Amino acid sequence: MILVNTDYISGKELEMLGMVKGSTIQSKNVGKDITQSFKTLVGGELKGYTEMMNEARALASKRMVEEAERLGADAVVNIRYASASVMAGAAEVMAYGTAVKFRS
């Protein structure tokens, strides 16, 4: 499966199959949440949350690809990510794009 954030793939003629998406809501455990809150006192990267968001993007991408595969897609183009806080310490991540099939 080819995944790109452009609306084309060089040298390929594309047939659009439709929008596909994947999402997840992730949170850190209470212990990690407390240690990350102490980090805000001194500043710097909140590595626990960075890891959480990376995991969430990977899972959302995987779910988007699975939906594209069910449509028989060869690729997903114009991929975008969106995130939103749903509560303290939890975030939703959505990956979405257009599933396409290569024309012969």
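## A tour from the sheet to the cores

Start by selecting Val-20 and Gly-97: Gly-97, in strand 4, is the bridge partner of Val-20. Keep in mind as you click around that this is a predicted model.

**Stop 1: the neighbours of Val-20.** Keep Val-20 selected and show what surrounds this residue. Which residues does Val-20 touch, once its neighbours within four places in sequence are left aside? The contacts are Met-64, Glu-67, Ala-68, Leu-71, Val-76, Ala-95, Tyr-96, Gly-97 and Ala-99. We will come back to several of these names further on.

**Stop 2: the whole chain.** Now zoom out and switch to a cartoon view. You should find 2 helices and 4 strands, and if you follow the sequence from its start, the pattern reads β-β-α-α-β-β. The protein has 104 residues, and 30% of them count as buried. Turn on a surface if you like: the accessible area comes to about 6,500 Å², with 53% of that belonging to carbon and sulfur atoms. Among contacts with a separation of 6 or more, residues 24 or more positions apart account for 74%.

**Stop 3: the sheet.** Colour the strands one by one. In what order do the 4 strands lie in the sheet? The order is 1-3-4-2, in an open sheet with mixed pairing. At the edges are strand 1 (2-3) and strand 2, each pairing on one side only.

Walk across the sheet in that order:

- Strand 1 to strand 3: these two pair in the parallel sense over 2 bridges. Select Ile-2 to see one end of a bridge; its partner in strand 3 is Ala-75.
- Strand 3 to strand 4: here residues 75-87 make up strand 3, and the pairing is antiparallel over 10 bridges. Ala-75 turns up again, bridged to Val-100 in strand 4. Further pairs to click on are Arg-80 with Tyr-96 and Ser-83 with Val-93.
- Strand 4 to strand 2: strand 4 covers residues 90-102 and runs antiparallel to strand 2, with 13 bridges joining them. The Val-20 and Gly-97 pair from the opening belongs here, with Gly-97 on the strand 4 side.

**Stop 4: two backbone details.** Go to the hairpin of strand 3 and strand 4, where 2 residues lie between the strands, and select Gly-89. Its phi is positive, near 80°. Next, select Asn-78, which lies in strand 3. This residue also has a positive phi, near 55°, although it is not a glycine. Is Asn-78 buried, partly exposed or exposed? Its relative accessible area is 30%, so Asn-78 counts as partly exposed.

**Stop 5: the nonpolar cores.** In soluble globular proteins, nonpolar side chains tend to be buried together. To see this here, select Val-20, Met-64, Ala-68 and Val-76: of the 15 residues in the largest nonpolar core, these four touch the most other members. Helix 2 (47-70), strand 3 and strand 4 each supply at least two residues of this core. Which element gives the largest share? That is helix 2, with 7 residues. Met-64, Ala-68 and Val-76 were all on the contact list of Val-20 at the first stop.

A second, separate core has 5 residues, including Leu-14, Ala-75, Val-77 and Val-100. Two of those names should be familiar, as Ala-75 and Val-100 are bridge partners.

**Stop 6: Glu-15 and Lys-12.** Select Glu-15, which is found in strand 2 (residues 14-27). Because its relative accessibility is 35%, Glu-15 counts as partly exposed. Now add Lys-101: the two residues are 86 apart along the chain, yet their C-alpha atoms are separated by 5.2 Å. Beyond its neighbours within four places in sequence, Glu-15 is in contact with Ala-99, Val-100, Lys-101 and Arg-103.

Finish by showing the side chains of Lys-12 and Phe-102. Where does the charged end of Lys-12 sit? It lies over the ring of Phe-102, 4.8 Å from the ring centre. If you go on to look for paired aromatic rings, the count is 0.

Terms used
Residues numbered from 1 in each chain as written. Predicted model: local features only at pLDDT ≥ 70, side-chain atom pairs only at ≥ 80, totals over all residues. Heavy atoms only, no water. Phe/Tyr/Trp six-rings, centres within 6.5 Å; stacked < 30°, edge-to-face > 60°. Lys NZ or Arg CZ within 6 Å of the ring centre and 35° of its normal. Buried < 20%, exposed > 50% of the residue type's maximum accessible area, 1.4 Å probe, protein only. Contact = heavy atoms within 4.5 Å. Pairing = 2+ DSSP bridges. Core = buried A, V, L, I, M, F, W, Y, C linked by side-chain atoms within 4.5 Å. Areas by Shrake-Rupley, 256 points an atom, 1.4 Å probe, with all protein chains shown as cover.
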